[in-house]
Amino acid sequence: MAQEPHTIAAPRVEGRVVDAATGKAIAEAKVTVCYEDRSEDFKGKTAETSESGYFAIVVPERTPFHLAIEKQG
């Protein structure tokens, strides 16, 4: 009996961006995956937060990374 192949979703990080002082959601913030390659940081994929501050972004598997979060104002 043959089995159907399994598909695995790409690894991702999801979360919510909030103001540290007020706890209010920050909408339309830019979340960027940054990973190190040799001595320089390289930017990967980006996502924008929703009205409630949530985001989900695909990250490189087994690669050290950090997130950079920006919002004007």
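T32 is a residue of strand β2, which spans residues 30-37. The model is a predicted one. T32 has a relative accessibility of 3%, so this residue counts as buried, the cut-off for that class being under 20%. Beyond its neighbours within four places in sequence, T32 touches two stretches of the chain: K43, G44, K45 and T46, and also H66, L67 and A68.

Strand β2 belongs to a protein that has five strands and zero helices. Along the sequence the order is therefore simply β-β-β-β-β. Of the contacts between residues at least 6 apart in sequence, 58% link residues at least 24 apart. Buried residues account for 18% of the 73 residues. The protein exposes about 6,000 Å², and 49% of that area comes from carbon and sulfur atoms.

Ahead of β2 in the numbering is β1 (12-16), and the loop between these two strands contains E28. The backbone at E28 is worth checking in the viewer. Most residues other than glycine have a negative phi. E28 is not a glycine, yet its phi is positive, at about 60°.

The remaining feature concerns charged side chains. Side chains of opposite charge can pair when their charged atoms come close. The structure contains one salt bridge, and R12 and E14 form it, with 2.8 Å between the closest N and O atoms. Exposed means over 50% relative accessible area. R12, at 51%, is therefore exposed, and E14, at 52%, is exposed as well. The buried residue described at the start, T32, lies in β2.

Terms used
Residues are numbered from 1 along each chain as its sequence is written. This is a predicted model: local features need pLDDT of at least 70, side-chain atom pairs count only at pLDDT 80 or more; totals for chains, interfaces and linings use all residues. Side-chain values use heavy atoms; hydrogens and water are left out. Helices (H or I, at least four residues) and strands (E, at least two) are DSSP runs, numbered from the N terminus. Buried means under 20% relative accessible area, exposed over 50%, partly exposed in between (1.4 Å probe, protein chains only). Contact means heavy atoms within 4.5 Å. A salt bridge is a side-chain nitrogen of Lys or Arg within 4 Å of a carboxyl oxygen of Asp or Glu. Accessible areas come from the Shrake-Rupley method with a 1.4 Å probe; for residues, only the protein chains shown count as cover.
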